[in-house]
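Trainee: I'd like to learn how to read a model like this one. Can we go through it feature by feature?

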Amino acid sequence: MSDRPRPLTVPTEDQQQMLAEVRRFAEEGIRPRVAEMDAVGKLDPAILKTLFEMGLMGIDIPEEYGGSGMSFTDAILVIIELARVDPSVSVVCDVQNTLVNNAIRRWGTEAQKKKYLPKLATEIVGAYALSEAGSGSDAFSLRARATAEGDGWKLSGSKLWITNGYEAGLYLVFATVNPEAGYKGITCFLVERDDPGFKVGKKSAPRRRSRSSSTT
Ligand SMILES: Cc1cc2nc3c(=O)[nH]c(=O)nc-3n(C[C@H](O)[C@H](O)[C@H](O)COP(=O)(O)OP(=O)(O)OC[C@H]3O[C@@H](n4cnc5c(N)ncnc54)[C@H](O)[C@@H]3O)c2cc1C
């Protein structure tokens with residue numbers, strides 16, 4: 001047998017088995033609810049519950065932190081599989097795994113990992129709050145400020161287009177501690193939904209095309 005590296009596009013037997021389960025859930029548990037979720041612009045909580053139960057919200061969180069102990073590639077394969085049926089559900093899973101969990105795993109302190117990763121794998125949704133009304137692709141121009149206060153930090157500013165913003169219990173909020181330092185002044189804060197002063201704004205209603213609207 002060849003010992004050449006396997007192309008990422010060819011899943012292993014274990015991955016194929018896992019993807020078959022994800023596909024079954026996507027077809028039976030998600031597809032029948034897609035039209036209704038699109039119409040009301042809201043994620044069905046039953047779907048979120050199953051994503052946690054199947055270990056799909058902590059795919060590459062190591063088992064020692066209560067996760068599924070799989071790889072980043074596994075997470076990507078799951079995200080692709082979910083996107084076949086519902087890109088919105090897929091992006092919920094994507095942000096949780098590839099942005100939130102991954103950032104805490106790579107850059108969090110040991111205490112932060114112990115506190116948050118087991119919860120992210122089993123019960124709380126995470127959000128990655130980077131974009132603002134005036135900074136999208138140009139993320140380094142963000143205006144959210146963080147100032148030292150007592151033994152902590154005070155954040156001021158607002159974020160926009162935050163996936164999972166509505167459902168999350170934990171937010172990775174990007175803010176600058178020193179605007180003069182440019183991108184080097186930007187850092188990330190872990191904000192819990194109940195932290196004083198923090199507020200989730202109103203979600204805009206889903207856009208619908210009226211019968212008389214033009215397509216041009
Ligand atoms: C489905 C979805 C989920 C999202 N989830 C999150 C989230 O969880 N957290 C979060 O923080 N943000 C989120 N965002 C926001 C997303 O990160 C921004 O929409 C994105 O960064 C682009 O910013 P913008 O929309 O302001 O577009 P702009 O930055 O204004 O860009 C507009 C267009 O100009 C192009 N452009 C920009 N700069 C250049 C350049 N220098 N050269 C050439 N072309 C350029 C872009 O490619 C784009 O086509 C989400 C967006 C979407 C659509």
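Trainee: Which hand does the crossing of α4 and α5 have?

Mentor: α4 passes α5 in a left-handed crossing. A crossing is left-handed if the near helix is turned anticlockwise from the far one by less than a right angle, and right-handed if clockwise. The names come from DSSP runs, numbered from the N terminus: helices are H or I with at least four residues, strands are E with at least two.

Trainee: What should I know about the model before going on?

Mentor: It is a predicted model, where local features need pLDDT of at least 70 and side-chain atom pairs count only at pLDDT 80 or more, while totals for chains, interfaces and linings use all residues. Residues are numbered from 1 along each chain as its sequence is written, and side-chain values use heavy atoms, with hydrogens and water left out.

Trainee: How is a pair of packed helices described?

Mentor: By two values, the angle between their axes and the distance between the axes. The axes are lines fitted to C-alpha atoms, for helices over the stretch in contact, and angles run from 0 to 180 degrees between N-to-C directions. For helix α4 (residues 72–85) and helix α5 (residues 87–107), the axes come within 7 Å and cross at roughly 165°. That makes α4 roughly antiparallel to α5. As for the cut-offs, angles under 35 degrees count as roughly parallel, over 145 as roughly antiparallel, 65 to 115 as roughly perpendicular and the rest as oblique.

Trainee: Which residues of α4 and α5 meet?

Mentor: From α4 you have F72, A75, I76, V78, I79, L82, A83 and V85, and they meet P87, S90, C93, D94, N97, T98 and N102 in α5. By class, this contact of α4 with α5 has 10 nonpolar, four polar and one charged residues. Contact means heavy atoms within 4.5 Å. Ala, Val, Leu, Ile, Met, Phe, Trp, Tyr, Cys and Pro count as nonpolar, Asp, Glu, Lys and Arg as charged, and the others, Gly among them, as polar.

Trainee: Is S90 buried or exposed?

Mentor: S90 is buried, with a relative accessible area of 4%. The cut-offs are under 20% relative accessible area for buried, over 50% for exposed, and partly exposed in between (1.4 Å probe, protein chains only). Setting aside residues up to four places away in sequence, S90 touches I79, L82 and A83. Over in helix α4, A75 is buried too, at 0%. Leaving aside neighbours within four places, A75 is in contact with I59 and N97. A75 and I59 are 16 residues apart in sequence and 5.8 Å apart in space, C-alpha to C-alpha.

Trainee: What does V100 in helix α5 touch?

Mentor: Not counting residues up to four places away in sequence, V100 touches V95, L120, G126, A127, Y128 and L172. V100 is buried, with a relative accessible area of 0%. V100 and L170 are 70 residues apart in sequence and 9.0 Å apart in space, C-alpha to C-alpha.

Trainee: Now the other helix pair. How do α1 and α3 cross?

Mentor: The axes of helix α1 (residues 13–30) and helix α3 (residues 45–53) come within 11 Å and cross at roughly 160°. That makes α1 roughly antiparallel to α3. Their crossing is right-handed. F25, G29 and I30 in α1 meet I47, T50 and L51 in α3, and the residues of that contact divide into four nonpolar, two polar and no charged.

Trainee: What sign does phi usually have?

Mentor: Most residues other than glycine have a negative phi. Here W161 has a positive phi of about 65°, and phi of N164 is near 70°. W161 sits in the loop between β3 (152–156) and β4 (170–176), and N164 lies in the loop between β3 and β4 as well. W161 is exposed at 60% relative accessible area, whereas N164 counts as buried at 5%.

Trainee: How many aromatic pairs are there?

Mentor: A search of the whole structure finds four. The rings of F140 and Y183 have their centres 5.1 Å apart and their planes at 25°, so the pair is stacked. Rings of Phe, Tyr and Trp (its six-membered ring) pair if their centres lie within 6.5 Å; planes under 30 degrees apart count as stacked, over 60 as edge-to-face and the rest as tilted. F140 is in the loop between β1 (126–129) and β2 (145–149), Y183 is in the loop between β4 and β5 (186–192), and the two are 43 residues apart. F140 is exposed at 57%, while Y183 counts as partly exposed at 48%.
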